[in-house]
Amino acid sequence: MDPLSSISEELAEIDGQITDIFRALSNGFQKLEKIKDSNRRSRQLEELTEKMRDCKRLIKEFDREVKNMERINDPNTSRMLNEKKQSMIKELNSYVALKKQYASNLDNKKIDLFDGPAEDLGEQNVLLASAMTNQQLIDNGNQMMDETDQAIERSKKVVHETINVGTETAHALKAQTEQMSRIVNELDSIHFSIKKASKLVKEIGRQVATDRCIMGLLFLIVVGVIAIIIVKLVHPNNKDIRDIPGLAPPAMTRKLLWNSY
């Protein structure tokens, strides 16, 4: 039975995961020896580097769990767990050194175990952890916690600023939405006015056309009456032309008395 299981199931589980990663790293580096193609060797080395990252994360989890249990563990158990952790760190460091050796052979192409300056510092911390005392490890952990608190405070400040910007943006969008609503209402009013004006223009057009027709008919009547008057004056004895109502009949021609004899 695994002695870690009697202490903590979580520690035993983490230890099992780390053991599996170490086994995979061992097999991976043995396989790397047989690969001749530089591209394949580079890809294989990157996969092994990713496994070492996972291993480092698990060792940190193991260390946190050990520190959480220091109050309830006896000195012998704490010493055994610290020795177990130091053994894990040393084994990981051996694979890190082996990785660097292979990376140097690949045209001195550096394959970083951790991305960025902060991660490089983290790798150095792993390499030096085996040489630190418990007090140094505690002091280093406290320093990291302080840096983490500062980073959290900076993150809170950024979040607060982001919330303020979002609030201002929401107010601006609300104002723009209200303005767009007013514009839409004004456009509807203009559209209604245009329709009303168009209807009024059509009615005026129809009225003008009716007036023109009436004026045309009156003009024709007047022309007809004038024509009848002219014809009546020119041919007064023409019986086919009726007398115009209201117009006096033409005077009778006076005959001389001597014409009757």
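**A walk through an all-helical predicted model**

On the surface of this chain, Met-180, Ile-183, Leu-187, Ile-190 and Ile-194 make up a nonpolar patch, and their accessible area comes to about 490 Å² together. The structure is a predicted model. One member of the patch, Ile-183, sits in helix 6. Ile-183 has a relative accessible area of 36%, so it is classed as partly exposed. That value also clears the cut-off for patch membership, because a patch takes residues with over 30% relative accessible area.

The overall layout comes next. The chain contains 6 helices and 0 strands, and the order of elements from the N terminus on is α-α-α-α-α-α. There are 261 residues in the chain, of which 23% count as buried. The chain exposes about 20000 Å², and carbon and sulfur atoms supply 58% of that area. Among contacts in the chain with a separation of 6 or more, 66% are made by residues 24 or more positions apart.

Helix 6 covers residues 134-234, and further residues of interest lie along it. Glu-147 is in helix 6 and belongs to a negative surface patch together with Asp-146, Asp-149 and Glu-153. The relative accessibility of Glu-147 is 44%, which means that this residue counts as partly exposed. Ile-138 is also found in helix 6. Because its relative accessibility is 39%, Ile-138 counts as partly exposed. Ile-138 can be related to a residue well before it in the numbering: its C-alpha atom is 9.5 Å from that of Lys-67, although the two residues are 71 residues apart along the chain.

Lys-67 leads to the salt bridges. Side chains of opposite charge can pair when their charged atoms come close. The structure holds 6 such salt bridges. In one of them, the side chains of Asp-63 and Lys-85 meet with an N to O distance of 2.9 Å. Asp-63 lies in helix 3 and Lys-85 in helix 4, which spans residues 75-105, so this pair ties together parts that are 22 residues apart in sequence. Both Asp-63 and Lys-85 are buried, which puts each of them under 20% relative accessible area. Salt bridges with shared partners also bring in Lys-67, so that Asp-63, Lys-67 and Lys-85 are joined into one network.

Other salt bridges have both partners within helix 3, which runs over residues 38-68. Arg-53 and Glu-50 are one example, their side chains meeting at 2.8 Å from N to O. Why do these two count as about one helical turn apart? Arg-53 and Glu-50 are 3 residues apart in helix 3, so about one helical turn separates them. Arg-53 has a relative accessible area of 21% and is therefore partly exposed. For Glu-50 the relative accessible area is 40%, so Glu-50 is partly exposed as well.

Arg-57 and Glu-61 are a further example, with 3.2 Å between the closest N and O atoms of their salt bridge. Here the partners are 4 residues apart in helix 3, so Arg-57 and Glu-61 are again separated by about one helical turn. Arg-57, at 42% relative accessibility, counts as partly exposed. Glu-61 is at 26% relative accessibility and therefore counts as partly exposed too.

Arg-53 deserves a second look. Arg-53 lies in helix 3, where it has Glu-50 as its salt-bridge partner. The C-alpha atom of Arg-53 is separated by 9.8 Å from that of Leu-92, and the two residues are 39 residues apart along the chain.

To recap, partly exposed residues take part in the Arg-53 to Glu-50 pair, whereas Asp-63 and Lys-85 are buried. On the surface, the chain carries a negative patch that includes Glu-147 and a nonpolar patch that includes Ile-183. Glu-147 and Ile-183 both lie in helix 6.

Terms used. Residues numbered from 1 in each chain as written. Predicted model: local features only at pLDDT ≥ 70, side-chain atom pairs only at ≥ 80, totals over all residues. Heavy atoms only, no water. Patch = residues over 30% accessible without salt bridge, like charges linked within 9 Å, V, L, I, M, F, W, Y side chains within 5 Å. Areas by Shrake-Rupley, 256 points an atom, 1.4 Å probe, with all protein chains shown as cover. Salt bridge = Lys/Arg side-chain N within 4 Å of Asp/Glu carboxyl O. Lys, Arg positive; Asp, Glu negative; His and termini not counted. Charge placed at Lys NZ, Arg CZ, Asp CG, Glu CD. Buried < 20%, exposed > 50% of the residue type's maximum accessible area, 1.4 Å probe, protein only. Contact = heavy atoms within 4.5 Å.
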